[in-house]
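Dear colleague,

Please find below the structure that I am handing over to you. My notes on it follow directly after.

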Amino acid sequence: MKKLLLATAAGALIAGSAGAEEIKMGISLGFTGPLESMAPAMRDGAKLAMKEASDSGLLLDGSTVTAVEGDSTCADAAAATATVERLITAEGVKGIVGGMCSGETIASLENVAKPNGIVMISPSATSPALSVIEDNGLFFRTSPSDARQGEVMADILMERGIESVAVTYTNNDYGKGLADSFQAAYEAKGGNVTVNSAHDDGKADYSAEVAALAAAGGDALVVAGYVDQGGSGVVRASLDTGAFDTFVFPDGMIGTALLENFGSEIDGSFGQNPAAEGEGRETYLKMAEEAGFDGAGAFSAEAYDAAALMLLAMAASGSSDPGIYKDKIMDVANEPGEKIMPGDLAKALEIINGGGDVDYVGATSVELVGAGESAGVYREVAFSNGEMEIVGYR
Amino acid sequence: MDILNAVVAILNFVVIPAAAYGAQLALGALGVTLIYGILRFSNFAHGDTMAFGTAVTILATWGLQGLGISMGPLPTALLALPVGIAATAALALVTDRAVYRFYRVQRVAPIILVMASVGVMFLMNGLTRLLIGVDEQRFADGARFVIDVRTFREMTGLTEGLAFKTTQALTLVIAVLVVWALFWFLNRTKSGKAMRAYSDNEDLALLSGIDPDKVVRMTWIIAAGLATIAGVLYGLDKAFKPFNYFQILLPIFAAAIVGGLGNPIGAIAGGFVVAFSEVAITYPWLKIAGYLFPAWQPEGLLQLLGTEYKFAVSFVILIVVLLFRPTGLFRGKSV
């Protein structure tokens with residue numbers, strides 16, 4: 001009995017004084033599936049932030065951070081739920097960078113993360129439905145809602161003088177949400193959507209879908225799909241049959257694969273994806289290059305910021321318990337405080353440990369609004385001579 | 001002018017794609033119907049046989065491209081085709097030896113052979129994925145178009161464009177050649193006649209001295225050849241992805257059954273019936289109507305069925321034919 005008491009006392013002492021622990025962080029992204037070409041750069045981004053905070057030795061009295069990866073598949077909500085379940089119950093992660101796609105994120109948030117009280121910060125789930133979801137303050141995202149992207153896309157089209165478009169979207173939460181918000185914004189500005197129809201991913205042949213879009217007509221085709229999936233198939237069939245030659249590409253389509261697939265065939269097309277300009281982004285690109293991956297990959301910077309926000313919030317609340325640090329995420333992301341660029345996580349931790357305030361800017365000019373989502377800076381791109389060039393930011 | 005535009009639009013969006021797709025289905029359905037007629041079971045592994053043959057052909061194509069060999073405007077895959085056919089025929093013969101022969105010797109009910117073929121299907125499924133992976137592969141090279149949209153518009157001055165892809169032209173030409181060769185073989189050669197005799201009445205054929213093993217071998221080799229050609233043409237025209245060959249199994253069976261299982265002419269007709277109904281039923285006729293009846297401004301797209309339901313068309317055709325004419329349009333065997 002004496003021994004037991006002694007051991008308990010010693011245990012309590014250790015737990016109380018030395019806060020250094022091994023913090024496990026989950027990364028749940030679609031390493032297989034329709035966005036598999038984007039996932040590795042996102043994972044590397046998240047890991048970069050974790051390594052930075054861990055190596056600094058300043059996070060919660062020198063705690064170390066280990067990343068645990070899981071495959072959310074993007075398309076299969078059941079598989080994503082199982083993955084997040086494993087991360088939380090078997091691995092004991094304190095927070096999750098993920099999910100990747102909107103449908104899968106909603107499912108794993110509602111079924112696993114919310115009941116278990118684990119914070120999820122998604123770098124790339126952009127469905128408007130996530131803005132109004134009941135999340136107990138556990139869900140955030142470093143990418144903006146597609147309601148915003150719909151507005152931006154409508155603006156770009158109007159400025160280019162295109163007043164009639166056909167819309168095709170991938171048949172899931174992301175595609176439908178984006179297509180609907182775009183249609184609403186575009187029609188409010190006086191544009192005309194001739195048809196708004198779905199396409200299914202993973203088919204060999206999209207000539208029937210394209211025939212329907214061509215019959216409805218329009219000056220351009222908005223492809224709210226995935227570049228590794230049906231989106232490219234629709235573009236290919238449109239080019240082959242001459243149904244459309246100008247395309248508008250939202251974020252799911254902007255990727256290196258698009259140029260590999262079509263080269264100069266899509267000259268004259270344009271698009272936009274969430275990506276901030278400025279010092280933070282430049283720094284991040286350099287850091288990524290040194291770490292040996294492509295930081296310009298879609299949502300890679302957002303993933304870095306997602307991981308960084310979680311770790312800074314842990315430091316600010318003095319706890320790795322998601323139930324406690326969730327309340328600090330908005331604080332570290334927004335003003336007031338010292339501006340924090342990527343690569344400055346050690347400095348940020350120092351300020352926080354000294355009792356100061358930080359305003360995390362990061363690689364994507366993070367500014368969380370509403371229910372905890374990025375206000376959203378979009379990069380407008382245009383295609384000419386088989387190259388993608390950046391037109392501007394809005 | 002408007003009538004010409006309407007004709008061109010129908011050609012571009014309905015007739016040409018449906019004809020190429022129909023030819024691909026017909027070649028696939030010929031293989032299914034041949035095996036059904038002679039070996040007396042529905043071979044569910046046919047789609048994955050197509051995938052395997054195409055995968056080998058793609059690998060051989062890459063090899064040829066690596067050596068710098070090409071065929072000018074024609075896809076290199078045509079040169080690689082014999083390699084694919086040989087590998088697929090070898091695989092089919094090994095499968096027959098290892099699986100089907102065991103059941104054939106026992107003279108089991110056809111349904112057991114069908115179930116065995118489902119097992120073979122999953123095996124081939126995995127084999128193809130091990131060989132080439134699950135990703136989409138594009139292996140068409142050479143000239144992409146016989147006529148492309150821009151040239152056609154400049155030539156004719158019409159607002160509607162017409163695209164005729166090299167792969168679509170190839171599909172039609174090769175399908176005609178293959179069908180002609182198959183019919184010549186079945187009707188004119190001794191082996192072909194032996195196969196038909198075996199199909200009509202197995203016991204009688206055996207009594208008249210036909211070697212059953214030889215007939216079975218011939219059947220597998222021809223079916224493997226048809227499957228590889230159909231698979232490669234489909235892959236050239238669209239894109240190769242193992243999963244898509246599993247999906248195409250349904251329209252192929254629909255085609256074979258609509259035409260009458262075991263009847264080669266039926267398989268060809270069935271392929272085109274299924275392809276044309278799939279495309280025509282999901283095509284919105286708004287634009288055509290606009291050209292033909294300028295005064296008429298309908299509300300919707302004049303589309304009978306959303307494109308999401310494309311595969312449902314094969315099912316409906318299948319059910320209707322099985323209900324009203326179980327032997328198919330061309331009097332095949334009843335299923």
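I begin with helix α8 of chain A, residues 230-241, which lies across β6, β7, β8 and β9 (247-249) of chain A. Its direction is at about 160° to β8(A). Please note that this is a predicted model.

A second helix of chain A, α6 (residues 173-188), lies across β6 (164-170), β7 and β8 (220-224) of that chain. Helix α6(A) runs at about 160° to β6(A).

The strands just named belong to an open sheet of seven strands in chain A, whose order is β7-β6-β8-β9-β10-β15-β16. The pairing in this sheet is mixed. Its edge strands are β7 (192-199) and β16 (387-393) of chain A, each of which pairs on one side only. On average, neighbouring strands of the sheet are turned by 25° against each other, with direction ignored. At the β16 end, β15(A) (residues 378-384) and β16(A) are joined in the antiparallel sense over six bridges. For Arg379(A), the bridge partner in β16(A) is Tyr393(A).

Turning to the domains, the assignment for chain A gives domain 1 (19-145 + 278-374) and domain 2 (146-273 + 378-393). The C-alpha centres of these two domains of chain A lie 29 Å apart. Between them, 16 residues of domain 1 of chain A are in contact with 18 residues of domain 2 of chain A. The side of domain 1 that touches domain 2 in chain A comprises nine nonpolar, six polar and one charged residues.

The largest nonpolar core has 216 residues, and those with the most contacts inside it are Ala307(A), Leu309(A), Leu311(A) and Leu312(A). Helix α1(B) gives the most to this core, with 18 residues. From chain A, the core draws at least three residues from each of domain 1 and domain 2. Leaving aside neighbours within four places in sequence, Ala307(A) is in contact with Met25(A), Ala46(A), Ala49(A), Met50(A) and Val97(A).

Finally, I come to the two chains. In chain B, 23 residues are in contact with 17 residues of chain A. On the side of chain B that touches chain A, α1 (2-39), α10 (242-247), α12 (264-282) and α13 (286-292) of chain B each supply at least two residues. Of the elements there, α1(B) gives the most, with three residues. By class, this side of chain B has eleven nonpolar, six polar and six charged residues.

With kind regards

Methods:
Residues are numbered from 1 along each chain as its sequence is written. Chains are lettered from A and ligands numbered from 1 in the order in which they are written. This is a predicted model: local features need pLDDT of at least 70, side-chain atom pairs count only at pLDDT 80 or more; totals for chains, interfaces and linings use all residues. Two residues are in contact if their C-beta atoms, placed from the backbone, lie within 7 Å. Helices (H or I, at least four residues) and strands (E, at least two) are DSSP runs, numbered from the N terminus. Ala, Val, Leu, Ile, Met, Phe, Trp, Tyr, Cys and Pro count as nonpolar, Asp, Glu, Lys and Arg as charged, and the others, Gly among them, as polar. A nonpolar core is a set of buried Ala, Val, Leu, Ile, Met, Phe, Trp, Tyr and Cys residues joined through C-beta atoms within 7 Å. A residue is buried if 20 or more other C-beta atoms lie within 10 Å of its own, exposed if 12 or fewer, and partly exposed in between; C-beta atoms are placed from the backbone. Domain bounds come from an automatic or database domain assignment. Two strands pair if DSSP finds at least two bridges between them. Axes are lines fitted to C-alpha atoms, for helices over the stretch in contact, and angles run from 0 to 180 degrees between N-to-C directions.
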